[in-house]
Amino acid sequence: ADYKDRVPTSGSKMQGEIDLVRSFGGDIAFTEEPQFSSSKLLNDFLSPFAPHIQERLKEARSHISLDEIQRFFVELEGIKGVVTAPTSAQALLTQVFPGVTVQPPHAPSSIQEMTATSERSTCTLHLGVTSITARSEANMSSFSMPRLSDSACETGLLQGVAAVLSHHSSTNVHLRAVFLAVFNQEARPGVTLASLRKVTESILK
């Protein structure tokens, strides 16, 4: 039923499936049953996360709408700018954010807290051992998100992502913290912004 009001476009996967069914003499029909989010059911009853992480994700969900997630990632796709990050983080950052140019810092840094400031927003990110905290100076709010798994990408890589976020207009600390926690979990060769969006949407539904 949730596909009923979608208008398939030429060349889309949905239109291809409709064309295939009709080529065999069939047709497409839409049901009228109540709709359930499979992601929400999984998050509520079969979550892979520890209880304390589930509680923080539940709190984050109450402050983030799906429309806001969509706007967040659409803007991330279009971000262009120059950020500073260790050479070891450059390939992954440019892979996820193609419009961003990464330059190495003048000196090595092990700073765990980074304040990223632009004309539109100021956000401080504290990269702890077990958690990631986002604070927005714009609306004086703060939110701490446990790392989603034991895997941890290097601090310099997360600092680079924090610098990218400084070009972003959103000051929603819940969404920033969850995004960084997801990035920390998923950061590996081959990761894309689209795959990060898919994971973020699935755990926030």
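Which residues make a nonpolar surface patch of about 310 Å²? The residues are Y3, V21, I28 and F30. This report starts from the whole protein and then returns to that patch.

## The whole protein

The model is predicted. The protein has 8 helices and 6 strands. Along the sequence, their order is α-α-α-α-β-α-β-β-β-β-β-α-α-α. So the chain opens with helices and ends with helices.

There are 205 residues, and 38% of them are buried. The exposed area is about 11,700 Å². Carbon and sulfur atoms supply 55% of that area.

Now take the contacts in the protein with a separation of 6 or more. Of these, 62% are between residues 24 or more positions apart.

## The nonpolar patch

Y3 belongs to the patch, together with V21, I28 and F30. Y3 sits in the segment before helix 1, which covers residues 13–23. Is Y3 buried, partly exposed or exposed? Its relative accessible area is 41%, so Y3 is partly exposed. The cut-offs explain the label, because buried means under 20% and exposed means over 50%.

## Helix 4: two sides

Helix 4 runs over residues 66–78. Its 13 residues should span 18 Å at 1.5 Å a residue. The end C-alpha atoms are 19 Å apart, which agrees.

Which residues of helix 4 are buried? They are E68, I69, F72, F73 and L76. These residues cover an arc of only 130° around the axis, so they lie on the same side of helix 4. R71, E77 and G78 are on the other side, and they are exposed. What do the buried residues of helix 4 pack against? Their partners are helix 6, helix 7 and helix 8.

## Helix 6: mostly covered

Helix 6 spans residues 155–165. How many of its 11 residues are buried? The count is 10, and the helix is mostly covered. Among the buried residues are G156, L157, L158 and Q159. The list also includes V161, A162, A163 and V164.

G156 also appears in a pair with T87. The two are 69 residues apart along the chain. Their C-alpha atoms are separated by 9.1 Å. T87 lies in helix 5, residues 87–96. T87 has 57% relative accessibility, so T87 counts as exposed. G156, by contrast, is buried.

## Helix 7: a buried histidine

H174 is found in helix 7, which covers residues 173–186. At 10% relative accessibility, H174 counts as buried. Which residues does H174 touch, leaving aside residues up to four places away in sequence? They are E59, A60, H63, I64 and F143.

## Helix 8: two sides again

Helix 8 covers residues 193–204. Its 12 residues should span 16 Å at 1.5 Å a residue. The end C-alpha atoms are 16 Å apart, which agrees.

The buried residues here are L193, L196, R197, T200, I203 and L204. Their arc around the axis is only 140°, so they are on the same side of helix 8. A194 and K198 are on the other side, and they are exposed.

R197 also takes part in a salt bridge with E201. The N to O distance is 3.1 Å. Why are these two about one helical turn apart? R197 and E201 are 4 residues apart in helix 8, so about one helical turn separates them. R197 is buried, while E201 is partly exposed at 22% relative accessibility.

## Other salt bridges

How many salt bridges does a search of the whole structure find? It finds 4. The R197 and E201 pair is one of the bridges.

Another joins the side chains of D27 and R22, at 3.0 Å from N to O. D27 counts as exposed, at 55% relative accessibility. R22 counts as partly exposed, at 47%.

R188 forms a salt bridge with E186. Their closest N and O atoms are 3.3 Å apart. R188 is partly exposed, with a relative accessible area of 43%. E186 is buried, with a relative accessible area of 17%. That value is under 20%, so the label "buried" applies to E186.

Terms used: Residues numbered from 1 in each chain as written. Predicted model: local features only at pLDDT ≥ 70, side-chain atom pairs only at ≥ 80, totals over all residues. Heavy atoms only, no water. Buried < 20%, exposed > 50% of the residue type's maximum accessible area, 1.4 Å probe, protein only. Contact = heavy atoms within 4.5 Å. Areas by Shrake-Rupley, 256 points an atom, 1.4 Å probe, with all protein chains shown as cover. Patch = residues over 30% accessible without salt bridge, like charges linked within 9 Å, V, L, I, M, F, W, Y side chains within 5 Å. Expected span 1.5 Å × (residues − 1). Arc of directions from axis to C-beta.
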